Amino acid sequence: MIRYSLFAILLLAAVPAQAQQQAQQLAQQPASILPLIDAHVHYSHDAWDNLPTADAIAILRRANLRKVLVSSSSDEGTQRLYQAAPDIIVPELRPYRRRGEIGSWFRDDSIITHMEARLAQYRYVGIGEFHLYGADADLPVPRRMVALARQYKLFLHAHSDGDAVERLFRHDPDTIILWAHSGFDRPDAVRALLKRYPNLWADLAFRNDHASGSKVDPAWRALFEEFPDRFMVGTDTFTPERWYYIEEHAKWSRAWLADLPAPLAERIAFRNAEALFARTGFRIDR
Ligand SMILES: [Zn+2]
């Protein structure tokens with residue numbers, strides 16, 4: 001605490017307003033709080049009315065999140081949050097223009113035109129989260145999306161089965177994939193894919209089998225230890241109501257991460273997500 005306060009005072013002497021604000025926030029936090037990145041948040045059109053942008057940002061700040069990876073249907077939601085809080089929001093381009101395109105986007109050529117227009121106008125770390133299963137990954141629209149990810153140096157955030165993940169890697173073995181929900185697969189199936197693909201990362205969003213209360217499940221612990229650099233946490237606000245779970249999710253994540261050795265907990269809490277963002281062309285420090 002003393003160290004942070006001194007740091008804040010030193011910073012206040014010489015830096016611009018945004019950095020001052022960050023230093024003040026840092027000084028207000030208990031020194032022991034684990035920095036956390038929520039790598040799975042959506043701010044879609046049906047959330048905007050009941051949860052105005054300023055209130056959404058307030059939730060993220062109350063949860064003490066260091067960064068938040070956001071994608072929305074439509075992308076306008078992500079842009080609103082990013083403009084309001086560029087210090088914590090990390091934007092990702094969701095292909096969907098509205099709720100309801102989950103099951104049709106991969107056969108819809110106009111999605112490509114839409115993505116090209118957004119990519120030309122805004123900056124992102126990734127494309128996703130999108131939903132894609134099995135052989136649908138071989139259709140022309142997903143193939144073009146993989147090419148766009150390469151062109152713009154972005155990762156893909158795939159809510160997919162293992163089969164679709166493998167097909168995406170076949171289109172471009174150098175692509176980087178963040179596997180949403182770790183595919184809702186069992187630890188041994190997740191292990192098999194992580195072993196095969198060094199560019200595969202996985203989020204733990206909307207699952208609760210990896211820890212019960214503050215105790216990490218033994219099978220997941222073994223997987224975290226085997227692949228300390230690949231996992232990250234996320235809430236998944238796929239419906240507007242789930243925004244009110246963000247703080248609780250952060251609290252619970254900090255609780256079970258405390259059951260792991262500190263270096264491993266820090267990687268899953270924020271270092272892996274930061275390393276993933278750094279693999280893209282996006283500058284997150286601004
Ligand atoms: Zn999601």
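These questions and answers walk through a predicted model.

Trainee: How many helices and strands does the protein have?
Mentor: Start with the overall picture. The protein has 286 residues, and 40% of them are buried. Its secondary structure comes to twelve helices and ten strands.

Trainee: What share of the contacts with a separation of 6 or more comes from residues 24 or more positions apart?
Mentor: Take the contacts in the protein with a separation of 6 or more. Then pick out those between residues 24 or more positions apart. Their share is 68%.

Trainee: How far does helix α6 reach from its first C-alpha to its last?
Mentor: Helix α6 covers residues 110-121, twelve in number. At 1.5 Å a residue, 16 Å is expected. The reach in the model is close to that, at 17 Å.

Trainee: Within what arc do the buried residues of α6 fall?
Mentor: Ile-111, Met-115 and Arg-118 are buried in α6. An α-helix has 3.6 residues a turn, so residues three or four places apart point the same way. The buried residues of α6 line one face of the helix, because seen down its axis they fall within an arc of 65 degrees.

Trainee: Which residues are exposed on the other side of α6?
Mentor: Set the buried face aside, with Ile-111, Met-115 and Arg-118. Turn to the other side of α6. The exposed residues there are Ser-110, Thr-113, Ala-117, Ala-120 and Gln-121.

Trainee: What covers the buried residues of α6?
Mentor: Look at the elements around the buried residues Ile-111, Met-115 and Arg-118. The cover includes two helices and a strand: α5 (75-84), α7 (140-152) and β3 (89-93).

Trainee: How many residues of strand β5 are buried?
Mentor: Check β5, residues 155-160, one side at a time. Phe-155, His-157 and His-159 are buried on one side. Leu-156, Ala-158 and Ser-160 are buried on the other. That gives six of six.

Trainee: How many bridges join β4 to β5?
Mentor: The two strands run parallel. Gly-126 has Phe-155 as its bridge partner, and Leu-132 stands opposite Ser-160. The number of bridges between β4 and β5 is six.

Trainee: Through which helix does the chain cross from β4 to β5?
Mentor: Follow the chain out of β4, residues 126-132. It makes a right-handed β-α-β crossover to β5. The helix on the way is α7.

Trainee: Which residue in β6 stands opposite Ala-158?
Mentor: β5 and β6 (residues 177-179) pair in the parallel sense over three bridges. The chain gets from β5 to β6 through α8 (residues 162-171), in a right-handed crossover. Opposite Ala-158 stands Trp-179.

Trainee: Why is β4 largely enclosed by the rest of the structure?
Mentor: β4 pairs with β3 in the parallel sense over two bridges, with Leu-93 and Ile-127 as bridge partners. Six bridges join β4 to β5. β4 counts as largely enclosed because its buried residues number six of seven.

Trainee: Is His-181 buried or partly exposed?
Mentor: His-181 lies in the loop between β6 and α9 (187-196). A buried residue needs 20 or more other C-beta atoms within 10 Å. His-181 has 19, so it is partly exposed.

Trainee: How far apart in space are His-181 and Leu-204?
Mentor: Not counting residues up to four places away in sequence, His-181 touches His-159, Asp-203, Ala-205, Phe-206 and Arg-207. Leu-204 is 23 residues from His-181 in sequence. In space, C-alpha to C-alpha, the two are apart by 4.9 Å.

How values were computed
Residues are numbered from 1 along each chain as its sequence is written. This is a predicted model: local features need pLDDT of at least 70, side-chain atom pairs count only at pLDDT 80 or more; totals for chains, interfaces and linings use all residues. Helices (H or I, at least four residues) and strands (E, at least two) are DSSP runs, numbered from the N terminus. The expected span of a helix is 1.5 Å times one less than its number of residues. A residue is buried if 20 or more other C-beta atoms lie within 10 Å of its own, exposed if 12 or fewer, and partly exposed in between; C-beta atoms are placed from the backbone. The arc is that of the directions from the helix axis to the C-beta atoms. Two residues are in contact if their C-beta atoms, placed from the backbone, lie within 7 Å. Two strands pair if DSSP finds at least two bridges between them. A crossover is right-handed if, with the strands pointing away from the viewer, the path from the first strand over the helix to the second runs clockwise.
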